[in-house]
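Here are a few short exercises to work through with the structure open beside you. Try each task before reading its solution.

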Amino acid sequence: MTADSNAQQEKARSQRAIRARAAAGSQRATKHRSDWKGQTAAIYCRISHASDEDQTGVDRQERICRDVAERLGLTVAEDQVFVDNNRSAWQRKRKRPGWDALLAQASEGRIRHVLTYHPDRLMRQPRDLEELLQIADDHDITLHGQANRRDLADPDDRFFLRIEVAHACRSSDDTSRRLLDAMVDRAKDGKPHTGRRRYGYDKTGTQIIPKEAAIVKEIFTRYLEGVGPNQLV
């Protein structure tokens, strides 16, 4: 091995050591509220259509987050409030426009802090957390809840967040399982599913409403006669 090769390897090792010390130092550094004053923050609010453990309304969530921002001296612009009303964070295929917009802003480095009523309002799937952490690796982002704070660059906080999100996901899984079991039991007992009233039946799902039933019969009769959906509408 030549002297030049040895020198290059030694230089590379030195540079890696410098980066490692810098990263370790930044993770150990304590962040004080005085350093946050005037920094940009975003608010995220969400409520699910399902009956989960906490259904605090999005308006109240925003008020609480604004109080936290004022207490910490953070600045929240009008276009930095993201809301997903009647949206599930547990269903993997359910789109969340507010969440997607928040991630886009964070990826552009426009957000230093994210305020939410509770981390489970923000995410209930581990992959959502990992996506946020990947963005936080490039941008110094701190997550604030009503009663806690998580530095997304801190290994301990990342660890606790992963536990919290996994617990929220398990809670949603359990809720879904209980609902499905209840629906199966009702079906076995010959009872209709509860929830939104079906057109043509009353709220109990057992009594036919004649006027609505007549319309249903007409629609199906005309469909069987070859009338297309657009014409029926």
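## Exercise 1: Two cysteines

The sulfur of Cys 45 has its closest cysteine sulfur in Cys 65, at 5.2 Å, which is too far for a bond. Keep in mind that this is a predicted model.

Task: Find how many disulfides the whole structure holds.

Solution:
- Step 1. Take the cut-off: a disulfide needs two cysteine sulfur atoms within 2.5 Å.
- Step 2. Look from the other side: Cys 65 has the sulfur of Cys 45 as its nearest cysteine sulfur, 5.2 Å away, and is in no disulfide.
- Step 3. Widen the search to the whole structure, and the count is zero.
- Step 4. Check the surroundings: Cys 45 is buried because its relative accessibility is 0%, and Cys 65, at 3%, is buried too.

## Exercise 2: Helix α3

Task: Work out what span helix α3 should have, and which of its residues are buried.

Solution:
- Step 1. Helix α3 covers residues 58-72, and at 1.5 Å a residue its 15 residues should span 21 Å.
- Step 2. The end C-alpha atoms of α3 are 21 Å apart, in agreement with that value.
- Step 3. The buried residues of α3 are Val 58, Gln 61, Ile 64, Cys 65, Val 68, Ala 69 and Leu 72.
- Step 4. Viewed down the axis, these buried residues lie within an arc of 140 degrees, so they line one face of α3.
- Step 5. On the face turned away from the buried side, α3 carries the exposed residues Asp 59, Arg 63 and Glu 70.
- Step 6. After α3 comes Gly 73, with a positive phi near 75 degrees.

Definitions and conventions. Residues are numbered from 1 along each chain as its sequence is written. This is a predicted model: local features need pLDDT of at least 70, side-chain atom pairs count only at pLDDT 80 or more; totals for chains, interfaces and linings use all residues. Side-chain values use heavy atoms; hydrogens and water are left out. Helices (H or I, at least four residues) and strands (E, at least two) are DSSP runs, numbered from the N terminus. The expected span of a helix is 1.5 Å times one less than its number of residues. Buried means under 20% relative accessible area, exposed over 50%, partly exposed in between (1.4 Å probe, protein chains only). The arc is that of the directions from the helix axis to the C-beta atoms.
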